[in-house]
Amino acid sequence: MNLILLGPPGAGKGTQAKMLIEAYGIPQISTGDMLREAVKNQTALGMEAKKYMDSGQLVPDEVVIGLAKDRIAQPDCGKGFMLDGFPRTVPQAEALDKVLADMGKKIDHVISIEVPSSELLGRLTGRRTCKACGQGFHVMFDPPKKEGVCDKCGGELYQRDDDNEATVSNRLKVYEDQTAPLIDYYKAKGLLRPIDGVGAMGEILDRIKAVLG
Ligand code: AP5
Ligand code: ZN
């Protein structure tokens, strides 16, 4: 099963992806996580990407298309995969269609997680992530048992550089301008599965499972 998780910053794509890995055993491909790893390792690609990420802009299409293409070709994606944060522009979606067609694959469902924009800023500025295992938390909605420490592995929690108020408002604007058009793109293909993204995280997972079967 090949899935796309679509939705604005803070909609819960990463949160649901982590739970879907356990439920369906398919890997999460997050271009955001891949780019943050490149930034951490100070690779040439990471240093180039950081300029865009820090201001909430999108990294150029050719960079992320290359990353996603290489990742989808890995053997662990043979039984399926979940794209999180890719595609994010119409040219990225068109490139993905071509990459998959060349591999004899296709997307089965586009899970479109819908959350009102009024809720997104608070979700993002309160997010904390584990440095060691990547588990996500929220200071109010999903707090760790001990402040600043991951429940799962004991790792240290950090706040993403782009989760400050100014960068978040840019990211939300970029989403509306460049990514929201993908909703119509996938609706026209009959692949769009709208999911109400407000409620408890487990309830939202159940809504997605009901669609996937
Ligand atoms: P990326 O890492 O993809 O970030 P994003 O799309 O902005 O999405 P987020 O990770 O912020 O949100 P999410 O939906 O995963 O929310 P989460 O589950 O964590 O991209 C970052 C940057 O990289 C981009 O700005 C761009 O520069 C670059 N980039 C990446 N991909 C690119 C591409 N394809 N093309 C070009 N550039 C690219 O949840 C958020 C918070 O809410 C958490 O604290 C969570 O605990 C909480 N939460 C989750 N669910 C609920 C709930 N139901 N109720 C209450 N709180 C909840
Ligand atoms: Zn951890």
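Donors are N, O and S atoms within 2.8 Å of the metal (3.2 Å for Na, K and Ca), and water is not among the atoms, so sites may look incomplete. In this predicted model, local features need pLDDT of at least 70 and side-chain atom pairs count only at pLDDT 80 or more, while totals for chains, interfaces and linings use all residues. Residues are numbered from 1 along each chain as its sequence is written, chains are lettered from A and ligands numbered from 1 in the order in which they are written, and side-chain values use heavy atoms, with hydrogens and water left out.

The zinc ion (ligand 2) has as its protein donors the SG atoms of C130, C133, C150 and C153, which lie 2.3 Å from it. Angles of 99 to 115° between the four donor atoms make the arrangement tetrahedral, a term that requires all angles of four donors to lie between 85 and 135 degrees. Along the chain, these donors follow the spacing C-x2-C-x16-C-x2-C. Because C133 lies in the loop between β5 (127-130) and β6 (136-138), and C150 in the loop between β6 and β7 (157-158), the pair ties together parts that are 17 residues apart in sequence. Here strands are DSSP runs of E with at least two residues and helices are runs of H or I with at least four, numbered from the N terminus. C150 is buried, with a relative accessible area of 4%, whereas C133, at 33%, counts as partly exposed; buried means under 20%, exposed over 50% and partly exposed in between (1.4 Å probe, protein chains only).

The strands around these loops belong to an open sheet of three strands, ordered β6-β5-β7 with antiparallel pairing. β6 and β7 stand at the edges with a single partner strand each, so one side of each is left without a neighbour in the sheet. Pairing requires at least two DSSP bridges; β5 and β6 have three, in the antiparallel sense.

Elsewhere, the axes of helix α5 (residues 90-103) and helix α8 (residues 181-188) come within 9 Å and cross at roughly 35°. Axes are lines fitted to C-alpha atoms, for helices over the stretch in contact, with angles running from 0 to 180 degrees between N-to-C directions. The contact (heavy atoms within 4.5 Å) is made by V90, A93, E94, L96 and D97 of α5 and by P181, L182, Y185 and Y186 of α8.

Two backbone features remain. The peptide bond from F86 to P87 is cis, with omega near -5°, and P87 lies in the loop between β3 (81-84) and α5. Q42, in the loop between α2 (31-40) and α3 (44-55), has a positive phi of about 50° although it is not a glycine.

Terms used:
Tetrahedral: all angles 85-135°; square planar, octahedral: opposite > 155°, others 65-115°.
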